[in-house]
Amino acid sequence: MERAKRYLVNALILSGCTLLMRTVGVAFNAFCVDRVGAEGMGLFSLVMSVYTFAVTFATSGVNLAATRLVALHVGRGEGNSARSAMRSCLLYAAAFGTAATVGLFFFAKPCAVHFLHEPRAALSLRGVSLSLLPLSLCSAFCGYFAAVRRVYKNAVSQVIEQAVKIAACAFLLAVLVPRGVEYACLALVLGGAISEIASFLLQIVSYVRDKRTLTGGGAPVPFCEVARISLPVALSAYVRSGLVTVEHVLIPVGLAAFGDANALATYGVISAVALPVVLYPTAFVGAFSSLIIPEVTEFDAKENRREVAYVTARAFSVTLFCSILAAGFFGAFAADICRVVYGDTAAADYLRMLSPLMPVMFLDTVTDSVLKGLGKQFYTMCVNIADAAISVLLVAFLVPKMGIVGYIVVIYVSEYGCFVDECRSC
């Protein structure tokens with residue numbers, strides 16, 4: 001009973017904070033759209049597609065390793081092993097974060113010119129590279145606090161990070177927007193980098209204080225143990241993120257081939273305007289899902305299949321109920337939501353098209369967390385790679401023939417296919 005109460009309290013704290021941050025984020029996104037414009041947001045989305053791959057490499061599955069290893073050793077009362085696991089995780093994060101920073105900074109121009117076919121993205125790619133090392137280390141710290149069930153520290157970090165990001169971006173936009181779209185995009189990425197650095201400084205102070213509470217013995221946890229857990233997830237993420245990046249680069253190219261004279265602006269509307277609204281409710285589900293991993297890990301380590309089944313069933317039922325409500329609300333009031341958030345209804349049709357997909361998106365998030373808690377990283381790796389590969393092929397074939405509707409079809413096929421495959425192993 002006490003364990004369930006602690007889980008519920010932590011989940012409510014994290015979900016409440018995430019919903020608040022997501023609300024502020026959507027509102028700030030509307031401000032950015034107003035200042036930067038659809039073309040600027042399209043350029044920003046292209047930069048973020050490359051940045052997403054860089055983040056994937058920088059973190060390389062360290063969050064999951066920190067969560068699983070710390071939860072495992074804390075559950076056994078091995079405080080020394082838990083601290084040793086974190087040292088190995090931080091070393092792992094520092095190595096990959098540094099490599100990602102150096103790589104993106106020095107290869108920003110070739111990537112912008114030859115891969116994105118948008119030379120204006122080079123400056124922003126260099127700017128965004130500055131956030132990769134602190135972000136990687138923060139990923140390990142977040143895994144630690146999830147494992148020890150003190151997620152309020154992650155919540156505090158998120159609040160401060162978002163506040164710093166908004167303040168930094170607002171100031172930089174005021175200074176740089178008059179210099180054009182290229183510098184407006186730079187303002188957004190530099191604001192994000194500054195916020196990641198602030199979050200890292202807060203997280204390291206919180207961790208140094210918190211680790212004193214870990215008691216008990218245990219053997220050292222070697223670096224290779226972190227790699228054993230992280231690398232299967234990382235390899236999956238590398239391939240999948242790389243394919244997703246290719247997919248997002250192909251979208252404006254395909255829209256132009258379809259005859260869309262404002263391909264970059266259209267891409268900006270769906271990726272930077274419609275999708276953030278669709279994904280807004282996932283803040284609630286994501287909070288509960290992230291906390292499922294340490295719970296399932298401990299029950300699975302004790303071979304308590306009954307509790308694993310119970311936790312999974314409850315997570316699925318709550319998620320399904322919430323997602324159906326969200327889908328109905330967003331579908332029925334799409335125009336009103338867009339009008340309130342963005343001041344116009346340009347993205348309303350896209351929001352209506354995507355709202356029926358919400359239950360599948362939410363359930364897929366929970367399924368993925370349960371599988372990770374059970375240690376089935378290799379299976380999720382195979383599913384994610386297959387899903388991303390099929391999406392790239394569909395984008396290359398459908399978008400030039402059907403335009404943005406073709407991209408909506410790709411999203412549906414991708415989400416349903418991935419969810420069904422993962423459910424088979426859950």
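**Figure 1. Serine 60, in the loop between H1 and helix H2.** In this predicted model, the loop between H1 and helix H2 (62–75) holds serine 60. Serine 60 is not a glycine, yet its phi is positive, at about 45°. Most residues other than glycine have a negative phi. Is serine 60 buried or exposed? Serine 60 counts as buried because its relative accessible area is 0%, and the cut-off for that word is under 20%.

**Figure 2. Histidine 117, in the loop between helix H4 and helix H5.** Here is another residue with a positive phi: histidine 117, which is not a glycine, has a value of about 55°. The loop that holds histidine 117 runs between helix H4 (108–115) and helix H5 (122–129). With a relative accessible area of 56%, histidine 117 is exposed, since that word applies over 50%. For confidence, H5 is a good place to pause: among the elements of the protein, H5 has the highest mean pLDDT, 94. Helix H11 (residues 282–301) has the lowest, with a mean of 69. For the protein as a whole, the mean pLDDT is 83, and 90% of the residues reach 70 or more.

**Figure 3. The largest nonpolar core.** How many residues make up the largest nonpolar core? There are 77, and those with the most contacts inside the core are Met41, Leu125, Leu132, Leu188, Leu351 and Tyr407. Helix H1 (residues 2–59) gives the largest share of this core, 15 residues. A second core, separate from this one, has 34 residues, including Ala65, Ala85, Ala140 and Ala234. In soluble globular proteins, nonpolar side chains tend to be buried together.

**Figure 4. Leucine 351 and the residues it touches.** Let us zoom in on one member of the largest core, leucine 351. Setting aside residues up to four places away in sequence, which residues does leucine 351 touch? Its partners are Ala274, Val277, Val278, Phe330, Ala334, Ile337 and Cys338.

**Figure 5. Isoleucine 270 in helix H10.** Helix H10 (residues 263–278) is where you will find isoleucine 270. Isoleucine 270 counts as buried because its relative accessibility is 0%. Beyond its neighbours within four places in sequence, isoleucine 270 is in contact with Leu275, Tyr350, Ile404, Tyr407 and Ile408. One of these, Tyr407, is also among the residues with the most contacts inside the largest nonpolar core. Take a look at alanine 346 as well: 76 residues separate alanine 346 from isoleucine 270 in sequence, while their C-alpha atoms are 9.5 Å apart in space.

**Figure 6. A salt bridge in helix H9.** Five salt bridges turn up in a search of the whole structure. One of them joins arginine 228 to glutamate 225, with the closest N and O atoms 2.9 Å apart. Both residues belong to helix H9 (residues 223–258), where arginine 228 and glutamate 225 are three residues, or about one turn of the helix, apart. Arginine 228 is exposed, at 51% relative accessibility, whereas glutamate 225 is partly exposed, at 25%.

**Figure 7. Salt bridges in helix H13 and helix H14.** The side chains of aspartate 336 and arginine 339 meet at 3.1 Å, N to O, in a salt bridge. About one helical turn separates aspartate 336 from arginine 339, because they are three residues apart in helix H13 (residues 334–342). Aspartate 336 is partly exposed, with a relative accessible area of 39%, and arginine 339 is partly exposed too, at 46%. Moving on to helix H14 (residues 348–354), arginine 352 and aspartate 349 are three residues apart there, about one turn of the helix. Their side chains form a salt bridge, at 2.9 Å from N to O. Arginine 352 is partly exposed, at 38% relative accessible area, and aspartate 349 is partly exposed at 47%. Elsewhere, Glu39, Glu118 and Arg120 are joined into one network by salt bridges that share partners.

**Figure 8. A nonpolar patch on the surface.** Which residues make the nonpolar surface patch of about 440 Å²? The patch is built from Met353, Ile390, Met402, Val405, Val409 and Val413. Helix H16 (377–402) and helix H17 (404–425) each give at least two residues to the patch, and H17 gives the largest share, three. Valine 409 sits in helix H17. Valine 409 counts as partly exposed because its relative accessibility is 33%.

Methods
Residues numbered from 1 in each chain as written. Predicted model: local features only at pLDDT ≥ 70, side-chain atom pairs only at ≥ 80, totals over all residues. Heavy atoms only, no water. Patch = residues over 30% accessible without salt bridge, like charges linked within 9 Å, V, L, I, M, F, W, Y side chains within 5 Å. Areas by Shrake-Rupley, 256 points an atom, 1.4 Å probe, with all protein chains shown as cover. Salt bridge = Lys/Arg side-chain N within 4 Å of Asp/Glu carboxyl O. Helix = DSSP H or I, 4+ residues; strand = E, 2+ residues; numbered from the N terminus. Buried < 20%, exposed > 50% of the residue type's maximum accessible area, 1.4 Å probe, protein only. Core = buried A, V, L, I, M, F, W, Y, C linked by side-chain atoms within 4.5 Å. Contact = heavy atoms within 4.5 Å. pLDDT = per-residue confidence, 0-100.
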